[in-house]
Amino acid sequence: MCKMKFTKMHGLGNDFIVVNGFKEDVRIIFKKAEKICDRHVGIGADGILLVLPSDKCDLKMRIINSDGSEADMCGNGIRCFARYAFSRGLVNKTSITVETLAGVIKPEIIIKDDRIESVRVDMGCYSLQKKDIPVAGNPNEEAVDLEISVDDRVFKFTGVSMGNPHCVIFVDDVESFPVERFGPVIERHPLFPKKTNVEFVEFKGQDRLKMRVWERGAGLTMACGTGACASAVAAYKKGIVGPKVTVSLPGGDLFIEIEKNGRVYMTGPAVEVFSGYIDLSAL
Ligand SMILES: N[C@@H](CCC[C@H](N)C(=O)O)C(=O)O
């Protein structure tokens, strides 16, 4: 028997298994991630968040997608991570620094009437440079308003790095758009050497976007925090929205702020659902 303690959390329905890496064996989790995330034979989740010690920050977060691949950053995940760390006493302050593969990310827990209301995250700066995303082609060009051919269709997209890769495509009606048909093909398109998350976005007004997402390594999810930031950045660059944007996702709303220097802030909820033990030797 190989028992592992976990906590199930979500941010707008984008759900995670949070594991305390101070206590659990991280190597087995990497090996069995796909099965742990499986909704039939495992706990079920879009990904796993590992809470780890860091030499340069308060804590370190590693993110494993439900297909077992490792991601550089996770917007909904970092809010859950911050809530978990604060409520378990792993940090004793509301503003924390977290080491990720995408650099240092700074979540701030917002407390109202003695309860955690939301988490506001300094997500660092976006990049539109092909080399940072990455997008194939001249590494020093911006990936703005490019074309991508998929089957018989040609879409205009903007590539954005929020530490992880995003391909943002504006559509007229996101509700009826076949995300499951085009998402997986674009995720693995040769234009994206490290694959990509794909956001389909509808303009709803100068401060509002509606978005559905196909995530790299996880497929259709109810929300994507870095994807919401990337969509707001792409729309801001197009000049169709201002620097403060509410992004509506199937799981709810995220509030995004973009500073002139390229720094992006994201605010939204983080919810703890339950904790339990899983026998990893059974997987
Ligand atoms: N759902 C996350 C993003 C998780 C990682 C992503 N699938 C990737 O591989 O980059 C978010 O809320 O940002």
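**Exercise 1. Determine which residues Cys224 touches, leaving out those up to four places away in sequence, and whether Cys224 is buried or exposed.**

*Solution.* Step 1: contact requires that the C-beta atoms of two residues, placed from the backbone, lie within 7 Å. Under this criterion Cys224 touches Asn14, Gly75, Asn76, Asn197, Val213 and Glu215. The structure is a predicted model, in which local features need pLDDT of at least 70, side-chain atom pairs count only at pLDDT 80 or more, and totals for chains, interfaces and linings use all residues. Residues are numbered from 1 along each chain as its sequence is written.

Step 2: a residue is buried if 20 or more other C-beta atoms lie within 10 Å of its own, exposed if 12 or fewer, and partly exposed in between. Cys224 has 35 other C-beta atoms within 10 Å and is therefore buried.

Step 3: Cys224 is located in the loop between β14 (219-221) and α4; helices (H or I, at least four residues) and strands (E, at least two) are DSSP runs, numbered from the N terminus.

**Exercise 2. Establish where Cys74 is found and why the annotated residues gather at one spot.**

*Solution.* Step 1: the unreviewed UniProt entry carries the annotation "active site" for Cys74 and Cys224; such annotations may be inferred rather than shown by experiment. Because no two of their C-alpha atoms are more than 7.7 Å apart, although they span 151 residues in sequence, they gather at one spot.

Step 2: Cys74 lies in the loop between β5 (70-71) and α2. It counts as buried, with 32 C-beta neighbours inside 10 Å. Apart from its neighbours within four places in sequence, Cys74 is in contact with Gly47, Ile63, Gly225 and Thr226.

**Exercise 3. Describe the shell around the ligand: how many residues does it hold, and how do they divide into nonpolar, polar and charged?**

*Solution.* Step 1: 20 residues surround the ligand, each with its C-beta atom, placed from the backbone, within 6 Å of the molecule. The closest are Ala71, Gly75, Asn164, Gly225 and Thr226. Two or more residues come from each of β4 (59-65), α2 (75-87) and α4 (225-238).

Step 2: the shell comprises five nonpolar, 13 polar and two charged residues. Here Ala, Val, Leu, Ile, Met, Phe, Trp, Tyr, Cys and Pro count as nonpolar, Asp, Glu, Lys and Arg as charged, and the others, Gly among them, as polar.

Step 3: domain 1 (3-123 + 269-282) and domain 2 (127-261) each supply at least three residues to the shell, with bounds from an automatic or database domain assignment.
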